[in-house]
Amino acid sequence: MRCGKEGTGMEHTQLSWHQRGQLWLRLGLRGALALGGAALVVWVGVPLASLLSPFLFALVLAWVLNPAVRWLQRRTNASRKAVSMVLVVLVFAVIGGVLFGLGWIAVDQVRSLFDNRQSLLDELLGGLVSVVNSVSGWLGGLVPQGVLTTSEDLVDAFVGWVQGLDFSGWLTEMAGQAPSMVTGVSNFAVALVVFMMGSYFITGDYPRLRFELADRVPMVARDFCRSVKDIFMSAFGGYVKSQLILSAGVFMILTIGFLLMRQPYGLLLAFGLAVLDFIPIIGSGTMMVPWAVVDMVLGNYGEAAALMSIWGVIALFRRF
């Protein structure tokens, strides 16, 4: 049966019941295949990727080190395995040294934070009350008294909630999880050893492994994977890479700035602000600018100027 509109030149064909049944059958099969693929990824792919994660990370590291290995191999005329051994050991030594130093400082600052938690809370609450009193004094003639009373009640409620926090209960709960943490550390140590050994072997044989893998994959699948990789790198790869570089640079700037300011727990603050800087729209200025404003209200003009200077350097770094 055909029906159309006069003068439009367009015709619409009505499907028969048999054709509709075939269409719904195809849609149902495609939906079932999509759900089956998703379930396979969740129930099989994720556990398998977790099990093979040391080898996957080793493959990524080999891919990253491959240009440097080829360049050094051409320059020194040494064997690829020897160059790979030197580079892998150097990379792990540098990363391990940096992580050990940062971890040592972080553990020391976390321990100091727990030891001085009560004095820090008292200082924080005292500063909050001072800010509220200062703002209330400035806006006393502009804001209705009911609004100021409500704000003071909210501050009192917040102070009571903070003072009622049970840190000893948190510490007891963390101590109860110590056995599982020990098991996790042992599993991590085994995975790290496998990762290091796999990095050396895969980096040394990377060209041969790549050739053999590509030789066994059909040309259609290779072209599809290459297209997916190009699309992913053009859409997300550059953004993620730039954000990681920016966050690392912001972390270094914050760490150096807080060390020069002699800011307590500077490493923890730098890490937290760098994580915020990685999140789109938010950025580290979301915390640093209000922090500087509070310092100005409390009369800490030197610290406020230092914070704004650090934030200015971060803004220039991001623009650059």
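## Exercises on a predicted model

Ser 247 touches Ala 274, Asp 277 and Phe 278, leaving out residues up to four places away in sequence. The model used here is predicted.

### Exercise 1. Place Ser 247

Task: Find the element that holds Ser 247, and decide whether Ser 247 is buried or exposed.

Solution.
- Step 1. Locate the residue. Ser 247 sits in helix H9.
- Step 2. Take its relative accessibility, which is 10%.
- Step 3. Apply the cut-off: buried means under 20%. Ser 247 therefore counts as buried.

### Exercise 2. Take apart the largest nonpolar core

Task: Name the residues that touch the most other members of the largest nonpolar core. Then state which helices give two or more residues to this core.

Solution.
- Step 1. The core has 15 residues. Leu 254, Phe 258, Met 288, Ile 310 and Ile 314 touch the most other members.
- Step 2. Two or more residues come from each of helix H9 (219–261), helix H10 (266–278), helix H11 (285–298) and helix H12 (301–319).
- Step 3. H9 gives the largest share, five residues.
- Step 4. Apart from this core lies another one, of 12 residues. Ala 62, Val 69, Leu 87 and Tyr 206 are among them.

### Exercise 3. Follow two isoleucines

Task: List the contacts of Ile 310 and of Ile 314, leaving aside neighbours up to four places away in sequence.

Solution.
- Step 1. Ile 310 is in contact with Ile 253, Leu 254, Gly 257, Phe 258, Met 261 and Met 288.
- Step 2. Turn to Ile 314, found in helix H12. Its relative accessible area is 1%, so Ile 314 is buried.
- Step 3. Ile 314 touches Val 250, Ile 253, Leu 254, Ser 284 and Met 288.
- Step 4. Check a distance between C-alpha atoms. Those of Ile 314 and Gly 249 are separated by 8.4 Å, with the two positions 65 residues apart along the chain.

### Exercise 4. Describe a pocket

Task: For the second largest pocket, give the volume, the residues closest to its centre and the make-up of its lining.

Solution.
- Step 1. The volume is about 1,000 Å³.
- Step 2. Its lining has 17 residues. Trp 63, Tyr 206, Arg 210, Leu 213 and Lys 229 are the closest to the centre.
- Step 3. Sort the lining by type. There are 12 nonpolar residues, five charged and no polar.
- Step 4. Assign the lining to elements. Helix H2 (53–76), helix H8 (206–216) and H9 each supply at least two residues.

### Exercise 5. Two positive phi values

Task: Find where Asn 77 and Arg 262 lie, and decide whether Asn 77 and Arg 262 are buried or exposed.

Solution.
- Step 1. Recall the background. Most residues other than glycine have a negative phi.
- Step 2. Asn 77 is not a glycine, yet its phi is positive, about 60°. Arg 262 also has a positive phi, near 55°.
- Step 3. Place them. Asn 77 is in the loop between H2 and helix H3 (80–115). Arg 262 is in the loop between H9 and H10.
- Step 4. Apply the cut-off: exposed means over 50%. Asn 77 has a relative accessible area of 69%, so Asn 77 is exposed. Arg 262 has 74%, so Arg 262 is exposed.

### Exercise 6. Classify aromatic pairs

Task: State how many aromatic pairs the structure holds. Then classify the pair of Phe 100 and Trp 104 and the pair of Phe 258 and Trp 291.

Solution.
- Step 1. The structure holds five aromatic pairs.
- Step 2. In the pair of Phe 100 and Trp 104, the ring centres are 6.0 Å apart and the planes lie at 40°, so the pair is tilted.
- Step 3. Both residues of this pair lie in helix H3. Phe 100 and Trp 104 are four residues apart, about one turn of the helix. Phe 100 is exposed at 58% relative accessible area, and Trp 104 is exposed at 61%.
- Step 4. Phe 258 and Trp 291 also form a tilted pair, with 6.0 Å centre to centre and 45° between the planes.
- Step 5. Phe 258 lies in helix H9 and Trp 291 in helix H11, so this pair ties together parts 33 residues apart in sequence.
- Step 6. Phe 258 is buried, at 1% relative accessibility. Trp 291 is partly exposed, at 22%.
- Step 7. Add the cluster. Phe 57, Phe 92 and Phe 195 form one aromatic cluster.

Technical notes: Residues are numbered from 1 along each chain as its sequence is written. This is a predicted model: local features need pLDDT of at least 70, side-chain atom pairs count only at pLDDT 80 or more; totals for chains, interfaces and linings use all residues. Side-chain values use heavy atoms; hydrogens and water are left out. A nonpolar core is a set of buried Ala, Val, Leu, Ile, Met, Phe, Trp, Tyr and Cys residues joined through side-chain atoms within 4.5 Å. Buried means under 20% relative accessible area, exposed over 50%, partly exposed in between (1.4 Å probe, protein chains only). Contact means heavy atoms within 4.5 Å. On a 1 Å grid over the protein atoms alone, a cavity is a set of points where a 1.4 Å probe fits but cannot get out, and a pocket is an open set with protein on both sides within 12 Å along at least five of seven lines; lining residues have an atom within 4 Å of a point. Grid points are joined across faces, edges and corners, and a volume is the space filled by probe spheres set on the points. Ala, Val, Leu, Ile, Met, Phe, Trp, Tyr, Cys and Pro count as nonpolar, Asp, Glu, Lys and Arg as charged, and the others, Gly among them, as polar. Rings of Phe, Tyr and Trp (its six-membered ring) pair if their centres lie within 6.5 Å; planes under 30 degrees apart count as stacked, over 60 as edge-to-face and the rest as tilted.
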